[in-house]
Amino acid sequence: MGLFAMAKPAEPYPDFPAAAAGSRKRVRRMVNRVGLQAVLPAAMLVLVVSASGRAESGGLEAKIQYCQDCHGPSGQGYRGFYPIPRLAGQQTEYFENQLRAFVERRRPNNVMANVAHVLSPSMISALAADFRSFNPPPLGGAPRRQVAEGRRIFEDGLPGANVAACAACHGPDAMGKGQVPRLASQLYPYLVKVLTNWGKERGQLPAHPDTSFIMAPVAHSLTRAEIEAVAAYLSYLK
Amino acid sequence: MNLGSRPGSRRCEAQPHRLRAATNLGLQLASAALVVATTCATATHAEDSKAEVPKQELQAKMAYCEVCHGPNGQGFRGFYPIPRLAGQQPEYFENQLQAFIEHRRTNNIMFNVAHVLSPAMLTSLAANFKNLEPKPLGGAPKDLMAAGKKIYEEGIATAEVPACASCHGPQAKGDGQFPRLAGQLNDYVFSKLTNWEKERGQNPANPDASAIMAPVAHNLTKPQIEAVAAYVSNLE
């Protein structure tokens, strides 16, 4: 039920203007500081550290906290009005690409566009690295009876229905790699929502096609019941 | 299992040529050699009705392959490096799909993919991928190219490594059972050559052409494999 509500991408969302403004100030402060330090030759090292986002531990911690407001403690995922995805353990390349996708409207989501467009590239890298290192248990809550069927689809695909084995790209343990996301422990309702709505949520900027097109035929060829099964399986994987 | 399909697939081996012939005939049709063309087309159909794969089915299967093997079979880096199929030799292509089915080449995912393919579909897929010509995916270290080219073209006589070019051809396009290597993903080539004896020729009761590569893969060092993989991956 809540799942179907997600199918409308233009739903008005609550926003976070105060936090966004605060982070803009922090970014400006960071830029200023880096500018001053760059005057000194010895500051080259600091610049390198800044580029990885590590110099701003205060700003980073506040931002991580902000992400966890919606994405749950340690980025475990959270069931708000919408299912809000787990970020913990996510592949950094995928994580960063999705934040850019929100900014560029390849992935239309008003809330996340607002969140993402104030992030500096170094903050994005730092967030990606931090969430990658978190490892909370799966949130759980999916129907157990579909798990075995879901595992079969994940590992073998449905060759007769031209559904590729998920494991070929996402890995045998669904940990993902590079641009291919980790799916292990992802929220059941989030996976169901994304897979039933792929063509309306991903790759929405025809002038800027992205790797999301790879999943389009897969999502299209899976039935609702098959999607539920594979989502249930993944949601319990650690 | 599925041994019954082998004679069928053998019967279809001439099929890529036939598809190409059909294309040529189509052109001739347009240029008014109508009678000849019609006669040949009819003869082809009568010879092997199995070869008729409905266009829509073939397109759906191609799209399915491309999910993992990349647009136009260019290759793709998923969890594993997934090989380029574009421009591959049909004989090699078909033999590998048979190898997955017969567990000569052990790969659970590709076993599942392959064992539902009809012999006619297998032949059509081989012919279709042979005709695709996307750019190499790239991503290999360029500084290894020169060393790789030398190994590829000359081999390493002191280590009993023959020149790759002697079987795979000077442009690495392959021939018949010898696969095309040009444009192949370097990380894929690396993982095959460092793992040859655990992946290929795994059915002792049914030895295959993969035995040819075993000593070569064994005699190459990892840096040498990296170099030759980088070289072939950048070849168009």
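**View 1. Helices α5 and α7 of chain B cross at roughly 135 degrees, with axes that come within 9 Å.** This is a predicted model, where local features need pLDDT of at least 70, side-chain atom pairs count only at pLDDT 80 or more, and totals for chains, interfaces and linings use all residues. Residues are numbered from 1 along each chain as its sequence is written, while chains are lettered from A and ligands numbered from 1 in the order in which they are written. Helices (H or I, at least four residues) and strands (E, at least two) are DSSP runs, numbered from the N terminus; here α5(B) covers residues 90–101 and α7(B) covers residues 119–131. Axes are lines fitted to C-alpha atoms, for helices over the stretch in contact, with angles from 0 to 180 degrees between N-to-C directions. The crossing angle makes α5(B) oblique to α7(B), oblique being whatever is left after under 35 degrees (roughly parallel), over 145 (roughly antiparallel) and 65 to 115 (roughly perpendicular).

**View 2. A look at who touches whom between α5(B) and α7(B).** From α5(B) come Pro90(B), Phe93(B), Glu94(B) and Leu97(B). On α7(B), look for Leu122(B), Thr123(B), Ala126(B), Ala127(B), Phe129(B) and Lys130(B). Two residues are in contact if their C-beta atoms, placed from the backbone, lie within 7 Å. The residues here split into seven nonpolar, one polar and two charged. Nonpolar means Ala, Val, Leu, Ile, Met, Phe, Trp, Tyr, Cys or Pro; charged means Asp, Glu, Lys or Arg; the others, Gly among them, are polar.

**View 3. Domain 1 (5–131) of chain B meets domain 2 (142–233).** The bounds come from an automatic or database domain assignment. In this meeting, 17 residues of domain 1 are in contact with 20 residues of domain 2. Helix α5(B) turns up again, giving the most to the domain 1 side with four residues. That side divides into five nonpolar, seven polar and five charged residues.

**View 4. Chain A touches chain B, using 18 residues from A and 14 from B.** Helices α9 (166–170) and α12 (216–221) of chain A each supply at least two residues of chain A's side. Of that side, α9(A) gives the most, with four residues. Chain A's side has 10 nonpolar, six polar and two charged residues.

**View 5. Helix α10 (residues 188–196) of chain A is mostly covered.** Nine of its nine residues are buried, including Tyr188(A), Leu191(A) and Lys193(A). Buried means that 20 or more other C-beta atoms, placed from the backbone, lie within 10 Å of the residue's own.

Methods: Buried ≥ 20, exposed ≤ 12 C-beta atoms within 10 Å, placed from the backbone.
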